[in-house]
Amino acid sequence: MFIYLMRHGETDLNRALKMQGSVDEPLNENGRAQAAAAGEKIRQLGLKFDHVITSPLDRARETAELATGMERSRFEIDPRIREMEYGPYEGKRILTLNWKVLSFLKAPYKKPAPEGIETIDSLYGRVSSFLEDTAERTDADSVLVVTHGIAMRNMIGYLKGLDCRDVWKQRFSIENCAVFRTETDGNGFSAPEKL
């Protein structure tokens, strides 16, 4: 089975460098254009998906809708692939956060999560559980998963065999509407490749 991981398109909170987390922010016009362009790339590659699984957040569902041309009612929703929860810091501009939160965001493998923020163990646990469950499915040859930047980063780390802390030691970002592919036979995953 092939599993395709896709990040949602841009939102106004992304553009304003604000903590988004579980804020149910819609795509902005640029995000809609990114999702449509990703859909064109999917069509050019001739990709077809037996299932589309999205986060419950609107920006992921709208991205999936625009990229696949499918109606939302056909998507499976899985809360395990929602974005990291930032609690009282959601919607706040990143550069205005206090030093405790900023130091956690910079190196969460060294610092405990400030009160109200999801731990990195929790995030890693839920996205890795999702990937393992998806790999065990027998009803699909190709699955599209539309998720969020930090959640997807942890998924890619898991697919590469990194542990929870090592994911955060690697400095890389995932642009809006980026797509990665992995293959599984139910006994492990291939290294993810960017399309």
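Phe-2, Tyr-4 and Phe-49 are joined into a cluster by ring pairs, and that is a good place to start in this predicted model. The search for aromatic pairs gives a count of four. Take Tyr-4 and Phe-49: their ring centres lie 5.5 Å apart and their planes stand at 70°, so this pair is edge-to-face. An angle over 60 degrees is what earns that label.

Now look at where these two rings come from. Tyr-4 belongs to strand 1 (residues 2-7), while Phe-49 sits in the loop between helix 2 (29-44) and strand 2 (51-54), so the pair ties together parts that are 45 residues apart in sequence. Both partners can be placed on the accessibility scale, where buried means under 20%. Tyr-4 has a relative accessibility of 4% and therefore counts as buried. Phe-49, with a relative accessible area of 14%, is buried because that value is under 20%.

Further along the chain, another ring pair is worth a visit. Tyr-124 and Tyr-158 also form an edge-to-face pair, with 5.8 Å from centre to centre and 70° between the planes. Here too, distant parts of the chain are linked: Tyr-124 is in helix 5 and Tyr-158 in helix 6, 34 residues apart. How does each ring stand on the accessibility scale, buried or partly exposed? Tyr-124 is at 13% relative accessibility, so it counts as buried. Tyr-158 is at 23%, which means that it counts as partly exposed.

That tyrosine pair leads straight to the two helices that carry it. Helix 5 covers residues 120-135 and helix 6 covers residues 149-159; their axes come within 9 Å and cross at roughly 65°. The crossing of helix 5 with helix 6 is right-handed. On the helix 5 side, the contact is made by Leu-123, Tyr-124, Val-127, Ser-128, Phe-130, Leu-131 and Glu-132. Facing them from helix 6 are Ile-150, Ala-151, Asn-154, Met-155, Tyr-158 and Leu-159. By character, the residues of this contact comprise ten nonpolar, two polar and one charged.

Let us finish with the cysteines. How many disulfides does a search of the whole structure find? The search finds zero. A disulfide is a covalent bond between the sulfur atoms of two cysteines. Two cysteines can still be placed by their accessibility. Cys-164 has 7% relative accessibility and so counts as buried. Cys-177 has a relative accessible area of 9%, and is buried because this is under 20%.

Conventions:
Residues numbered from 1 in each chain as written. Predicted model: local features only at pLDDT ≥ 70, side-chain atom pairs only at ≥ 80, totals over all residues. Heavy atoms only, no water. Disulfide = S-S within 2.5 Å. Buried < 20%, exposed > 50% of the residue type's maximum accessible area, 1.4 Å probe, protein only. Axes fitted to C-alpha atoms, helices over the stretch in contact; angles between N-to-C directions. Helix = DSSP H or I, 4+ residues; strand = E, 2+ residues; numbered from the N terminus. Left-handed = near helix turned anticlockwise from the far one by under 90°. Contact = heavy atoms within 4.5 Å. Nonpolar A, V, L, I, M, F, W, Y, C, P; charged D, E, K, R; others polar. Phe/Tyr/Trp six-rings, centres within 6.5 Å; stacked < 30°, edge-to-face > 60°.
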